Amino acid sequence: MKSESTYHALLARGIDSATANHLIDSKISLNKLKTLSLDKLLRCGLNENQANLILKEERPPIPIETVKKLIFESRSICCICRDRNKPFIIHHIIDWEKSRDNSEKNLVVLCLNDHGETHSKHSLSQNLTPQLIKDSKTKWIKRVGELDSEAVSNLLVEGSRWDYINHARLIELANNLQIQLNKTKLFETLFSHKVLDHRGYLTQDFISKAKRKPYMYDFGFGLQLYEHHKELLESIIKRLQIVDLKSTWSKTQFTTWLKPGMFFAFQGASYFKKGKKLIGKEIRECYRQAKKIKLSFTINAWEATSCSAWVDSMSGHKSITAICFLRGLSKRNGILQVNTSCLCIGSYFKSFPSSRDQLNAIFSYPEEFGNDGMIDNN
Ligand SMILES: [Zn+2]
């Protein structure tokens with residue numbers, strides 16, 4: 001997006017978010033700004049300091065990737081007052097003149113008030129020491145991560161259901177997070193019927209019987225087994241760091257917010273393509289393609305949690321909610337390929353509250369929002 005890159009370029013040069021938005025609204029590009037006189041820049045709404053930043057460029061701009069990372073991690077919110085409604089600026093924790101340091105660790109998102117405090121000489125400003133700013137930044141980034149996880153946890157509303165749970169991944173995560181498999185409400189019932197062994201693993205006997213079924217929950221205690229796995233999955237979701245991508249679907253978010261190995265949640269129109277059917281295995285490919293981003297994963301539909309999940313919810317075009325693990329990103333024919341492994345797929349999550357809704361943050365990519373876009377199966 002043109003306005004998005006202008007926005008980042010202005011922030012990189014020390015312009016605050018409100019002024020940057022004002023310039024973008026007035027359709028003034030950075031290149032145009034550079035050709036204007038000081039007088040004209042002042043008339044565009046810049047103050048003298050900002051005008052000089054543009055005209056003289058005494059300090060190299062902050063790398064754009066660093067700008068994106070800072071505004072993502074902080075959600076464009078000041079780490080000192082955490083007031084989502086205040087415009088912000090990217091501040092050098094140790095002054096550029098002293099540090100010559102444009103790296104992420106020396107930079108922080110501050111509102112204009114708190115930024116003013118760091119540069120003022122009165123007694124209050126002594127509170128905003130570089131160390132305090134660094135500590136506040138660390139705490140806020142951690143809190144943003146928690147809010148993302150809470151937003152995903154808040155997904156778990158009455159009436160929603162999981163259509164697919166990746167069992168190998170479920171067990172692996174439960175073990176990593178030290179969630180006990182044999183402490184769920186229905187463990188004893190499933191243990192006494194030899195579905196689970198004493199540790200909470202599926203018994204070989206159960207697996208060999210279930211493999212003859214079209215989907216693994218298709219037996220007398222299927223519902224109880226689903227409840228057991230659901231309880232484990234939801235404990236995992238509450239404790240896992242999951243990036244909430246529900247309200248965003250843009251290349252910027254995928255390339256700057258995610259790294260391979262991270263979990264993220266998304267929601268939207270997706271397409272399931274049926275593949276080979278083997279014993280205890282039925283491969284289905286799932287795609288979601290919109291805005292030149294193609295997310296894909298394969299699932300074993302034998303792990304569908306119910307008949308309707310197996311027959312209906314995971315075939316053809318469906319609106320899904322899913323939590324995935326990022327394997328990697330690549331580019332092919334101008335399309336960003338998002339290669340993932342799926343932890344779970346759900347339906348009937350009537351609204352997926354995003355942490356950005358909770359924060360009501362002034363977010364910097366309005367044009368990228370709310371896309372539930374077109375699907376291209378090619
Ligand atoms: Zn502030």
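This is a short talk about how two helices meet in one protein chain.

Okay, so before anything else: what we're looking at is a predicted model. The protein chain has 378 residues, and 35% of them count as buried. In terms of pieces, you've got 16 helices and nine strands. And if you take the contacts between residues at least 6 apart in sequence, 66% of those join residues at least 24 apart.

Right, let's zoom in on helix 13, which covers residues 222-239. How far apart are the end C-alpha atoms of helix 13? They're 26 Å apart, and that agrees with what you'd expect, because 18 residues at 1.5 Å a residue should span 26 Å. Which residues of helix 13 are buried? That list is Leu225, His228, His229, Leu232, Leu233, Ile236 and Ile237.

Now bring in helix 10, residues 167-176. The axes of helix 10 and helix 13 come within 10 Å of each other, crossing at roughly 55°. An angle from 65 to 115 degrees would be roughly perpendicular and one under 35 roughly parallel, so this pair ends up oblique. As for the hand of the crossing, helix 10 and helix 13 make a left-handed one.

So who's actually touching whom? On the helix 10 side it's Leu170, Leu173 and Ala174, and they meet His229, Leu232, Leu233 and Ile236 from helix 13. Sort the residues of that contact by type and you get six nonpolar, one polar and no charged. And those names from helix 13 should ring a bell: His229, Leu232, Leu233 and Ile236 meet helix 10, and they're among the buried residues of helix 13 too.

Notes. Residues numbered from 1 in each chain as written. Predicted model: local features only at pLDDT ≥ 70, side-chain atom pairs only at ≥ 80, totals over all residues. Axes fitted to C-alpha atoms, helices over the stretch in contact; angles between N-to-C directions. Helix = DSSP H or I, 4+ residues; strand = E, 2+ residues; numbered from the N terminus. Parallel < 35°, antiparallel > 145°, perpendicular 65-115°, else oblique. Left-handed = near helix turned anticlockwise from the far one by under 90°. Contact = placed C-beta atoms within 7 Å. Nonpolar A, V, L, I, M, F, W, Y, C, P; charged D, E, K, R; others polar. Buried ≥ 20, exposed ≤ 12 C-beta atoms within 10 Å, placed from the backbone. Expected span 1.5 Å × (residues − 1).
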